[in-house]
Amino acid sequence: MTVQQEAGSGTDTSEALEVWIDQDLCTGDGICAQYAPEVFELDIDGLAYVKDADDELLQQPGASTPVPLPLLTDVVASAKECPGDCIHVRRVSDSVEVYGPDAE
Ligand code: SF4
């Protein structure tokens, strides 16, 4: 029997995180997409959106996507540098924001 592992999810930790963008505040400068293009992308409307594991933009308001552990540093840097203060990183388990404008 062959055991196959799904690679690349990066979310199998007890502190799994997810990220979403408040497009109402996005300035469209693209800093996030420069830091973490695997997670963020600008759409033709000039605003940034998060992407799912299949590279699809998630355009529903408030849509979130898991933060792959290897990209956590880049995603956090994006949240800190975001001029719109509109990148929110929260724990999956209790939805508490850990990086972003609403983090303590
Ligand atoms: S860094 Fe912030 S303001 Fe800039 S494009 Fe990304 S989400 Fe929008």
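**Note on the predicted model**

1. Asp85 is partly exposed, because 15 other C-beta atoms lie within 10 Å of its own, whereas a buried residue would need 20 or more and an exposed one would have 12 or fewer. The model is a predicted one. Asp85 sits in the loop between α2 and β6. Its phi is positive, about 50°, although Asp85 is not a glycine.

2. Asp55 also deserves a check of its backbone. Its phi is near 75°, a positive value in a residue other than glycine. Asp55 belongs to the loop between β3 and β4. With 8 other C-beta atoms within 10 Å, Asp55 counts as exposed, since the limit for that class is 12 or fewer.

3. Overall make-up. The protein chain contains 2 helices and 7 strands. Read from the N terminus, the elements follow the order β-α-β-β-β-β-α-β-β. Of the 104 residues in the protein chain, 26% are buried. Among contacts with a separation of 6 or more, 54% link residues 24 or more positions apart.

4. Sheet β2-β3-β4. These 3 strands form an open sheet in the order β2-β3-β4, and the pairing is antiparallel. β2 and β4 are the edge strands, each pairing on one side only. β2 covers residues 40-42 and is joined to β3 by 3 bridges. On the other pairing, 2 bridges link β3 to β4, which spans residues 57-58.

5. Register of the sheet. Between β2 and β3, Phe40 lies opposite Val50, and Glu41 has Tyr49 as its bridge partner. Val50 is also bridged to Leu58 in β4. Val50 therefore has a named partner in β2 as well as in β4.

6. Hairpin turns. β2 and β3 make a hairpin with 5 residues between them, and Gly46 in that turn has a positive phi of about 85°. The hairpin of β3 and β4 likewise has 5 residues between its strands, and here the positive phi in the turn, about 75°, belongs to Asp55.

7. Lys51. This residue is located in strand β3. Is Lys51 buried, partly exposed or exposed? Lys51 is partly exposed, because 18 other C-beta atoms lie within 10 Å, and burial would need 20 or more. Beyond its neighbours within four places in sequence, Lys51 contacts Val39, Glu41, Glu56, Leu57, Leu58 and Thr65. Thr65 is 14 residues away from Lys51 along the chain, and their C-alpha atoms are 6.5 Å apart.

8. Nonpolar core. The largest nonpolar core comprises 22 residues, and Val19, Ile21, Val75, Ile87 and Val89 have the most contacts inside it. At least two residues of this core come from each of β1 (17-21), α1 (31-35), β3 (48-51), α2 (72-81) and β6 (87-91). β1 contributes the most, with 4 residues.

9. Contacts of Ile87. Leaving out residues up to four places away in sequence, Ile87 touches Val19, Ile21, Cys32, Ser78, Ala79, Cys82 and Gly100. Two of these, Val19 and Ile21, are also listed with Ile87 as residues with the most contacts inside the core.

10. Helix α2. The buried residues in α2 are Val75, Val76, Ser78 and Ala79. They lie on the same side of α2, because the arc they cover around the axis is only 155°. The cover over these buried residues includes β1, α1, β2, β6 and β7 (97-99). Ser78 and Ala79 are among the residues that Ile87 touches.

11. Ligand shell. Which residues are closest to the ligand? Of the 16 residues that surround it, the closest are Cys26, Cys32, Ala48, Cys82 and Gly84. By class, the shell divides into 10 nonpolar, 5 polar and 1 charged. Cys32 and Cys82 from this list are also touched by Ile87.

Note on methods. Residues numbered from 1 in each chain as written. Predicted model: local features only at pLDDT ≥ 70, side-chain atom pairs only at ≥ 80, totals over all residues. Near = placed C-beta within 6 Å. Nonpolar A, V, L, I, M, F, W, Y, C, P; charged D, E, K, R; others polar. Core = buried A, V, L, I, M, F, W, Y, C linked by C-beta atoms within 7 Å. Contact = placed C-beta atoms within 7 Å. Pairing = 2+ DSSP bridges. Arc of directions from axis to C-beta.
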